[in-house]
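Trainee: Could you walk me through one part of this protein up close, and then show me how the rest fits around it? I'd like one connected tour, please.

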Amino acid sequence: MPHNYNSKRLRDRALFSQWDKRDEGAFSRYGVSRDAVKQAQSGLQGTIVLPGDPQYNADRVLFNPVFDPYPAMIIYCKTESDVAIALSLANLARLQGGAPFAVRSGGHCTAGFSASYGVLIDMSEMDSYTIDTSGMTATAQSGVTFGAFRSALTTYGVHVPGGECDDVCIGGYVQGGGYGFTSVSFGMNCDCVLSLKVMLFDGSIVVATATTNYDLFWAMRGGTGGTMGVLLEVTYQLVTLGNVFGWAIGWPLTTATDFQNATAAMLFLQQNYMGAATDPRQNIQVTLCWQPSLQPGLPTNPMSPYLLVRGCWTGDSTSGATAIQPLINQPGAYLQWTDTDTFEVMNDKLLNYPYGLPDINIPPMPNEDKASRYVSRYMTSDEWNTFFNYFVGSPNQYSYFYMEFYGGAINSQATDYNAFVHRTALYNAVLDVFWYTSDQRNAVETFLDGWVTFMEPIYNGEVYQNYPRMNDVNYNRMYWGDNQAGVYAVKCKYDPFGAFTFPQVVQPLMPPIFGPGPVIILPAALQAALSQPIVYASTAEQFAVKPKVPAHAAT
């Protein structure tokens with residue numbers, strides 16, 4: 001091979017040849033010049049994809065087809081220096097009149113915030129990880145998928161609570177909290193973080209830990225992705241986890257007797273498997289969805305509604321079987337299965353056996369909307385019966401309700417332990433709706449809105465920030481509660497010019513119409529950290545495409 005052969009140079013030449021055929025307006029309308037884009041590409045190990053490029057239409061889409069963004073460009077980052085170049089170009093475009101930029105790892109944000117009409121910084125190719133079993137830590141870049149990460153951890157018999165969907169990436173997930181089938185036992189994903197490596201708006205890099213840049217460490221664990229900076233990598237504290245005990249119990253929801261049994265089952269769960277009664281080894285999710293049967297191996301039609309209760313017990317199988325026996329003894333209960341295996345195997349089985357939850361396995365991916373509501377009190381028998389009757393009236397058989405039980409390690413932390421404030425909830429209740437064609441949308445959205453109305457007197461005013469919805473106008477209180485002021489204060493320190501923004505970015509507390517406004521008392525450790533200067537790990541070199549400093553700070 002010739003010494004001067006360089007595949008990247010050849011790739012860049014091919015891109016430049018395409019871009020040179022376009023009018024300058026194809027670039028200037030986004031606030032950048034052709035030369036600036038070419039210069040950025042020359043410094044990248046990754047690739048810039050522009051509108052009109054062959055792969056653009058495929059690359060711009062998110063997981064949920066309801067969102068149809070057309071970003072000004074997509075910058076795929078392979079290295080930390082790539083992220084610095086991407087931020088520089090994105091800031092230049094933004095300050096020259098272009099749209100705000102966005103950061104995407106897996107593209108699973110339920111409100112579509114992982115895309116925009118400005119520059120899209122894609123982190124999916126930063127997907128390396130290391131596992132240190134001697135120190136019981138693992139470090140993963142933000143583009144690592146939970147399918148790959150979970151599988152690798154299982155090989156070594158170690159674990160960190162992670163996302164149930166294989167395609168979800170660590171970057172956004174950890175910043176919103178991060179719930180999984182072992183969170184009651186070991187905490188939210190963000191509770192297991194030892195350090196965060198972050199690139200700020202100006203290309204500088206900081207490492208946030210319990211002792212360095214503590215304020216950023218506090219805020220990014222629950223403050224929501226894309227708020228403070230670009231998460232480059234996260235280091236976790238691991239736990240040892242061998243085989244786990246999984247189980248699934250179901251009740252039909254067809255006859256009047258079925259409804260009575262299902263209501264009794266939920267009342268029994270509330271009294272014996274929630275709140276103070278929660279065994280930290282027991283991780284439970286309750287589901288309402290349509291299934292072919294409670295038995296495996298049947299055709300996928302016809303479908304009927306069922307109440308399904310599934311769990312992951314992180315202790316031995318004997319104690320796990322004993323723990324669920326009272327639930328099995330409830331009227332109408334059908335034991336679908338119990339099994340003991342690695343968490344990798346059990347996570348898949350809990351979600352997909354004998355049928356998927358929900359049973360949507362025919363491509364393409366349908367359009368989706370969902371809403372989350374945290375609940376901190378027991379529901380009455382009338383409320384459960386009313387809700388069961390409401391759910392079975394869904395306009396289609398794809399609607400999917402689930403309850404992620406809290407307690408144990410999640411609720412053992414104080415509400416101001418980090419930005420993830422939801423420490424008093426019994427469970428997170430979520431309704432997910434799907435549709436394939438536009439004429440079906442209105443009915444399912446009305447159904448979802450009706451459930452939100454039903455939950456109004458029941459929920460505690462909080463919403464899981466990893467399940468955002470644009471209709472939640474009071475999102476600041478819903479996502480961060482009394483931690484809102486702290487999250488905003490940290491944002492002002494680390495992103496003083498408001499470079500990172502999206503429709504539901506954290507806002508300052510608004511004072512009342514009359515009076516001086518609320519008295520804000522931040523946790524003492526957070527207040528002390530806010531008064532300290534930022535500790536930088538390094539400063540990125542000055543790339544050719546430099547961001548201009550705005551004339552005013554964000555308010």
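## A pair of strands and their surroundings

Mentor: Strand S17 (residues 400-405) and strand S18 (residues 427-435) run antiparallel to each other, paired over 6 bridges. Strands here are DSSP runs of E with at least two residues, helices are runs of H or I with at least four, and both are numbered from the N terminus. Two strands pair if DSSP finds at least two bridges between them. Within this pairing, Tyr-400 sits opposite Asp-432 of S18.

Before we go on, keep in mind that this is a predicted model: local features need pLDDT of at least 70, side-chain atom pairs count only at pLDDT 80 or more, and totals for chains, interfaces and linings use all residues. Residues are numbered from 1 along each chain as its sequence is written, and side-chain values use heavy atoms, leaving out hydrogens and water. The score pLDDT is the predictor's confidence in each residue, from 0 to 100. The protein chain has a mean pLDDT of 91, with 93% of its residues reaching 70 or more. Be careful with residues 540-555, though, where pLDDT stays under 50.

Now zoom out a little. Our two strands belong to an open, antiparallel sheet of 7 strands, in the order S15-S12-S14-S13-S17-S18-S16. S15 and S16 are its edges, each pairing on one side only. From one strand to the next, the twist averages 15°; angles run from 0 to 180 degrees between N-to-C directions, and axes are lines fitted to C-alpha atoms, for helices over the stretch in contact.

Two helices lie across this sheet. Helix H13 (residues 381-391) crosses strand S13 (282-291), S17 and S18, at about 45° to S13. Helix H15 (residues 438-455) lies across S16, S17 and S18, at about 165° to S18.

Look next at Tyr-427, where S18 begins. Leaving out residues up to four places away in sequence, Tyr-427 touches Met-274, Arg-373, Tyr-374, Val-375, Met-379, Trp-384, Met-403, Glu-404, Phe-405 and Tyr-406. Touching, or contact, means heavy atoms within 4.5 Å. Tyr-427 is also one of the residues with the most contacts inside the largest nonpolar core, alongside Phe-149 and Trp-451. That core has 118 residues. Apart from it lies another core, of 35 residues, among them Trp-19, Phe-27, Leu-87 and Met-123. A nonpolar core is a set of buried Ala, Val, Leu, Ile, Met, Phe, Trp, Tyr and Cys residues joined through side-chain atoms within 4.5 Å. Buried means under 20% relative accessible area, exposed means over 50%, and partly exposed is in between (1.4 Å probe, protein chains only).

Charged side chains matter for our picture too. The whole structure has 22 salt bridges, each being a side-chain nitrogen of Lys or Arg within 4 Å of a carboxyl oxygen of Asp or Glu. At one edge of the sheet, Asp-339 and Lys-349 form a salt bridge, 3.1 Å from N to O. Asp-339 lies in strand S15 (residues 334-341) and Lys-349 in helix H12, so this bridge ties together parts 10 residues apart in sequence. Asp-339 is partly exposed, at 24% relative accessible area. Elsewhere, shared partners join the salt bridges of Asp-369, Arg-441, Glu-445, Asp-449 and Arg-469 into one network.

Last stop: the loop between helix H12 (343-352) and strand S16 (367-375), where Pro-354 is found. Most residues other than glycine have a negative phi, and most peptide bonds are trans. The bond from Tyr-353 to Pro-354, however, is cis, with omega near 0°. Another cis bond joins Leu-357 and Pro-358, with omega about -10°, and Pro-358 lies in the loop between H12 and S16 as well.

For an unusual phi, go to Met-136, whose value is near 55°, positive in a residue other than glycine. Met-136 sits in the loop between strand S5 (129-132) and strand S6 (137-141), and it is buried, at 18% relative accessible area. Thr-224 has a positive phi too, near 90°, and is buried at 14%.
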